[in-house]
Amino acid sequence: MAFHGSLLLSQILLLFLVWSSPWTSATHPIQQIFFRCLSTKSRNSVPLSSYYTPGNVSSFTSVLNSTANNFRYLLPTVPKPVVIFTPLSEVHVQAAVHCSRRLGLALRVRSGGHDYEAVSYVSQIESPFVVIDLARLRAINVDIPRRTAWAQAGATTGEVYYRIAEKSRVHGFPMGLCTSLGVGGHITGGAYGSMMRKFGLGADNVVDVRMVDARGRILDRKAMGEDLFWALRGGGGGSFGIILAWKLKLVNVPETVTVFTVTKTLEQGATNLLYKWQKVAPKLDDRLFIRVIIQASSANLTATRTVMTSYNALFLGDADTLLGIMGKGFPELGLTRSDCVETSWIGSVLYIAGYPNTTAPEVLLQGKPLFRNYFKAKSDFVSTPIPEKGLLGLWKIYLEEEVPFMIWNPYGGAMARVPEWATPFPHRCGTLFKIQYVASWDDGTANMARHMSWITKLYDYMGPYVSKNPREAYVNYRDLDLGMNKKGVNSLWETSSWGLRYYKSNFYRLVQVKTKVDPHNFFRHEQSIPSLHVKRRS
C-alpha cells in the first residue's frame with residue numbers, strides 16, 4: 001500500500017509541475033495534454049526528465065541534436081517536434097502510441113539518429129508531430145549457450161558487439177560497419193556489414209522481435225505472424241510499428257581474424273585495379289570482405305589533386321591463409337604480410353569503423369558517431385562491371401567536389417544464396433556490389449545548393465552503368481529525391497517510384513502487410529509503406 005500511495009503522490013506532483021511550468025501556458029496546450037495522457041495511460045510513472053518541449057530550449061535542443069547525424073536537418077528552418085519523449089519502459093511506448101492516436105498527433109520514432117533524410121525525427125509533410133526517442137531503451141542480454149542475444153532498439157551496434165565479445169571471443173553478429181547505429185532502425189533496413197558475404201545481413205539472422213503496433217499492443221513473432229515478421233526485417237523503419245527489441249542469432253567467428261587497408265592512387269593504376277576488383281571481389285572466398293573507400297587526395301581544387309582508392313578488408317581467418325587466397329584470386333592488389341593485422345573479431349569491429357589500432361573496445365559503449373556533418377547521400381547497385389572508360393569519366397566529375405566520398409561494398413557469397421523474396425531486402429543474386437555516394441560539407445547553407453547539385457550530377461552520370469528497371473537503391477541510405485508521400489498518402493503508382501527501387505517486387509507484398517496491420521496508416525512518414533485502405537487527408 002505504501003508503494004501505491006507513493007506512486008500516486010509522484011503522479012500528482014508531476015502533473016502539478018507540468019501544469020505550473022512555463023511551457024504549459026495557453027500557447028502550448030498540446031504539450032500539457034499529451035503529458036497528462038501519458039501519465040494517465042502508463043502503468044509506470046512518466047518522469048519529467050523524459051519529456052522535452054521547445055519551451056525549454058536548452059534541454060530540448062540538446063536531446064534533438066544528440067544523435068542526429070545530418071546537420072541539414074537541424075537548421076532553424078527545418079520543422080521541429082512539439083514534444084520529444086524518451087520512454088524508460090515498454091509501457092511508456094504503448095502509452096505514447098495510444099496518446100498520439102487519441103490526440104491526432106503524427107508520430108516519429110528514433111532509435112539511433114542515422115536516418116539520412118531524418119524521417120525519424122523530422123516531418124516535412126504534417127504538423128504537429130511528436131518524436132519518440134528510444135535512446136534510453138538499450139538493454140542487451142547475451143546468452144552464449146543458446147547463441148542468441150536480445151537487444152533493445154536504442155542500443156547501438158557497437159554496444160551489441162561489445163556485450164557479445166565480453167562473453168565470448170568466438171561469437172559475433174553480422175550487421176553495421178558503423179558502431180553508433182541504433183539497432184532498432186538499422187535492422188529494419190536489412191543491416192549489412194563486413195561479415196555479410198559469410199553470414200548475410202543482420203535481418204537474415206534475426207529470430208524474434210518485440211514491437212508495439214498501431215493499436216498499442218506488444219507483439220512478438222508468434223503473436224504477429226510470419227507476414228509481419230517478414231516485413232519488419234528489411235521493409236524499412238516507421239511503417240508497421242515501433243520496434244522494442246530484436247532477438248539475434250549469433251554466429252561463430254574465429255579467435256583470430258585479419259584486417260588490412262591498401263591504398264592506390266590514379267597514378268598507381270587505381271582505375272585498372274578497380275575494374276579488376278569489380279570482377280573478383282564478389283567471387284572470392286566467402287570469409288573475405290574487401291570494400292573500396294574512394295576519396296580525393298585533398299579538399300583543395302588543384303591540378304595536382306588525385307583520386308585515392310583504399311581497399312579496406314576483413315578476413316575471418318589468419319594472415320597466412322588470407323595471403324594464399326589473395327595470391328590466387330586478386331594478386332593485382334599486391335597484398336603483403338606487412339599490410340595484414342591479425343586481431344580479434346571485436347578488434348576488427350574497431351578497425352573497420354575507423355578507430356586507431358590502440359583504441360580499447362570500451363569506446364563502443366559511448367555510442368557516439370565518429371562523423372557528423374552536413375551531407376547528402378545516394379546509392380546504387382551494380383550487376384555488370386563498369387568499364388574503365390566509365391571510370392575515367394567518373395573521376396572527372398568526382399574531382400569537381402571538395403570532399404567527395406564513395407564506398408563500394410562487394411556482394412556474392414551468402415548474399416547470392418538467399419532468395420530476393422526471403423526478406424523485403426531484394427538486392428541479392430546477380431548483384432556484384434553496392435555504391436554509396438556522399439557529398440559532405442561544413443559551411444551550412446552557404447554552398448549547400450552547389451554540393452547538392454554535384455551529387456545529382458554524379459548520380460545522373462552513373463545511370464548507364466548501374467541496375468535498371470528499377471534503378472535499385474538501399475533503404476537505409478534513404479533518398480527523398482526518389483519520391484515522397486504527400487500529406488496523407490500518394491497512390492500506389494506514386495509510391496512505387498521509390499518503393500520498387502528499395503524493395504523491387506517485394507514492395508507489393510509490403511503494401512499488403514501494411515494494409516492488414518495498419519489500415520489507417522498511423523505509422524507514416526515521407527517514404528513509409530502505404531495502406532490501400534487510407535483516404536487522403538485534407
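This report describes a predicted model of one protein chain, moving from its overall form to a sheet and then to some details of the backbone.

**The chain as a whole**

The average pLDDT over the chain is 93, and 93% of the residues reach a score of at least 70. Residues 1-27 have a pLDDT that stays under 50, and for this stretch the model has 32 contacts beyond four places in sequence. The secondary structure comprises 17 helices and 18 strands.

The C-alpha trace spans about 75 × 50 × 40 Å along its principal axes. Because a compact globule with 538 residues would have a radius of gyration near 24 Å, the 24 Å of this chain agrees with that expectation. Of the 538 residues in the chain, 57% are buried, and the accessible surface comes to about 21,400 Å², with 55% of that area belonging to carbon and sulfur atoms. When contacts between residues at least 6 apart in sequence are taken together, 72% of them join residues that are at least 24 apart.

**An open sheet of five strands**

Strands of a sheet pair through backbone hydrogen bonds, and the pairing can be parallel or antiparallel. In this chain, five strands form an open sheet with antiparallel pairing, and their order is β5-β6-β10-β8-β9. The edges of this sheet are β5 (140-143) and β9 (218-219), each of which pairs on one side only.

At the β5 edge, β5 and strand β6 (residues 148-152) are joined in the antiparallel sense over four bridges, and I140 has A151 of β6 as its bridge partner. Helix α5 (residues 157-167) lies across β5, β6 and β10 (242-249), and runs at about 35° to β5.

Is Q152, a residue of strand β6, buried or exposed? Q152 has a relative accessible area of 18%, which is under the 20% cut-off, so this residue counts as buried. Apart from its neighbours within four places in sequence, Q152 is in contact with L137, R138, A139, V183, L244 and A245.

**The pair β3 and β4**

Strand β3 (residues 106-110) is mostly covered, with four of its five residues buried. This strand and strand β4 (residues 129-133) pair in the parallel sense over five bridges, and R110 stands opposite D133 in β4.

**Backbone details in the loops**

Most residues other than glycine have a negative phi, and most peptide bonds are trans. The table lists four places in this model that depart from those habits.

| Place | Backbone feature | Value |
|---|---|---|
| S127 and P128 | cis peptide bond | omega about 0° |
| N469 and P470 | cis peptide bond | omega about 5° |
| A118 | positive phi, not a glycine | phi about 60° |
| A191 | positive phi, not a glycine | phi about 75° |

The loop between β3 and β4 holds P128, and A118 also has its place in the loop between β3 and β4. A118 is buried, with a relative accessible area of 0%.

The other two entries are found elsewhere in the chain: A191 lies in the loop between α6 (183-188) and α7 (196-199), while P470 is in the loop between α15 (448-462) and α16 (492-503). For A191, the relative accessible area is 0%, and this residue is therefore buried.

Technical notes. Residues are numbered from 1 along each chain as its sequence is written. This is a predicted model: local features need pLDDT of at least 70, side-chain atom pairs count only at pLDDT 80 or more; totals for chains, interfaces and linings use all residues. Side-chain values use heavy atoms; hydrogens and water are left out. pLDDT is the predictor's confidence in each residue, from 0 to 100. Contact means heavy atoms within 4.5 Å. Two strands pair if DSSP finds at least two bridges between them. Axes are lines fitted to C-alpha atoms, for helices over the stretch in contact, and angles run from 0 to 180 degrees between N-to-C directions. Buried means under 20% relative accessible area, exposed over 50%, partly exposed in between (1.4 Å probe, protein chains only). The radius of gyration is taken over C-alpha atoms; the globule rule is 2.2 Å times the number of residues to the power 0.38. Accessible areas come from the Shrake-Rupley method with a 1.4 Å probe; for residues, only the protein chains shown count as cover.
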